[in-house]
Amino acid sequence: MSAPTTPFAVQEEGAWRLSSSVELRPEPFGALAYDFHSRRLSFLKSPALVAVVRALSGCSSVAEALDSAEVPDAQRPAYVAALQDLAAGGLIKERAA
């Protein structure tokens with residue numbers, strides 16, 4: 001598998017996972033994501049996005065994670081964009097499928 005050309009080249013066919021330095025803490029609005037390496041705190045403002053992020057490591061692709069979280073087809077581009085932002089921040093990392 002070739003590496004993406006940018007650190008945030010999230011596509012539905014790709015396989016991603018939560019970074020090993022990141023912990024998610026559930027909150028009523030979604031979750032807090034804390035990166036223990038960078039000490040960066042991020043807010044995931046959607047329980048559905050949290051479900052997608054949690055599903056990433058157990059799914060063979062982003063598309064499968066979106067399916068498992070029951071993200072409607074019309075909303076998938078917005079979720080992929082959100083995952084791109086998380087990847088750019090180092091919260092999720094690409095992995096082998």
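Which residues is proline 47 in contact with, leaving aside its neighbours within four places in sequence? Select proline 47 and look for Pro28, Phe29 and Gly30, which are the residues in contact with proline 47 once those neighbours are set aside; contact means heavy atoms within 4.5 Å.

Before going on, note that this is a predicted model, in which local features need pLDDT of at least 70 and side-chain atom pairs count only at pLDDT 80 or more, while totals for chains, interfaces and linings use all residues. Residues are numbered from 1 along each chain as its sequence is written, and side-chain values use heavy atoms, with hydrogens and water left out.

**Stop 1: proline 47 and serine 46**

Stay on proline 47, which lies in helix α1. Helices (H or I, at least four residues) and strands (E, at least two) are DSSP runs, numbered from the N terminus. Proline 47 has a relative accessible area of 52% and is therefore exposed; the classes are buried for under 20% relative accessible area, exposed for over 50%, and partly exposed in between, with a 1.4 Å probe and protein chains only. Draw a C-alpha to C-alpha distance to proline 28: the two prolines are 8.1 Å apart in space and 19 residues apart in sequence.

Next select serine 46, in the loop between β4 (40-44) and α1 (47-56). Not counting residues up to four places away in sequence, serine 46 touches Phe29, Gly30 and Tyr79. For a longer span, take glutamate 23, which is 23 residues from serine 46 along the chain, with 16 Å between their C-alpha atoms.

**Stop 2: the largest pocket**

Select Phe43, Leu44, Leu49, Ala82 and Leu86; of the 13 residues that line the largest pocket, these lie nearest its centre. The volume of this pocket is about 150 Å³. Both β4 and α3 (76-88) supply at least two residues each to the lining.

A pocket here is found on a 1 Å grid over the protein atoms alone, as an open set of points with protein on both sides within 12 Å along at least five of seven lines, and lining residues have an atom within 4 Å of a point. Grid points are joined across faces, edges and corners, and the volume is the space filled by probe spheres set on the points.

**Stop 3: salt bridges**

Side chains of opposite charge can pair when their charged atoms come close. A salt bridge is a side-chain nitrogen of Lys or Arg within 4 Å of a carboxyl oxygen of Asp or Glu, and by this rule the count comes to 3.

Select glutamate 12 and arginine 76, whose side chains meet in a salt bridge with an N to O distance of 3.0 Å. This pair links distant parts of the chain, with glutamate 12 in the segment before β1 (16-18) and arginine 76 in helix α3, 64 residues apart. Glutamate 12 is partly exposed, at 25% relative accessible area, whereas arginine 76 counts as buried at 8%.

Add aspartate 67: its side chain also meets that of arginine 76 in a salt bridge, at 2.8 Å from N to O. Through shared partners, salt bridges join Glu12, Asp67 and Arg76 into one network.

Then move to arginine 25 and glutamate 27, a salt bridge whose closest N and O atoms are 2.5 Å apart. Glutamate 27 is partly exposed, with 22% relative accessibility.

**Stop 4: aspartate 35**

Is aspartate 35 buried or exposed? Aspartate 35 is buried yet has no salt bridge, and the nearest side chain of opposite charge, lysine 93, is 6.6 Å away. For charge, Lys and Arg count as positive and Asp and Glu as negative, with His and the chain ends not counted.

Aspartate 35 belongs to strand β3 (residues 30-35). A polar atom of the aspartate 35 side chain lies 2.8 Å from the backbone nitrogen of histidine 37. Show the contacts of aspartate 35 as well: beyond its neighbours within four places in sequence, they are Ser21, Val22, Arg40, Gly90 and Leu91.

**Stop 5: loops**

Most residues other than glycine have a negative phi. Select arginine 39, in the loop between β3 and β4; arginine 39 is not a glycine, yet has a positive phi of about 65°. Arginine 39 counts as exposed, at 65% relative accessibility.

Glutamate 70, in the loop between α2 (62-68) and α3, has a positive phi of about 55° although it is not a glycine. The relative accessible area of glutamate 70 is 69%, so this residue is exposed.

Finish at glycine 58, in the loop between α1 and α2. Glycine 58 counts as exposed, with 65% relative accessibility. From glycine 58 to arginine 17 the C-alpha to C-alpha distance is 8.3 Å, and the two are 41 residues apart in sequence.

Conventions
Polar contact = N/O pair within 3.5 Å; in protein donor to acceptor, adjacent residues only side chain to side chain. 1 Å grid on protein atoms, 1.4 Å probe; cavity = no way out; pocket = protein on both sides within 12 Å on 5 of 7 lines; lining within 4 Å.
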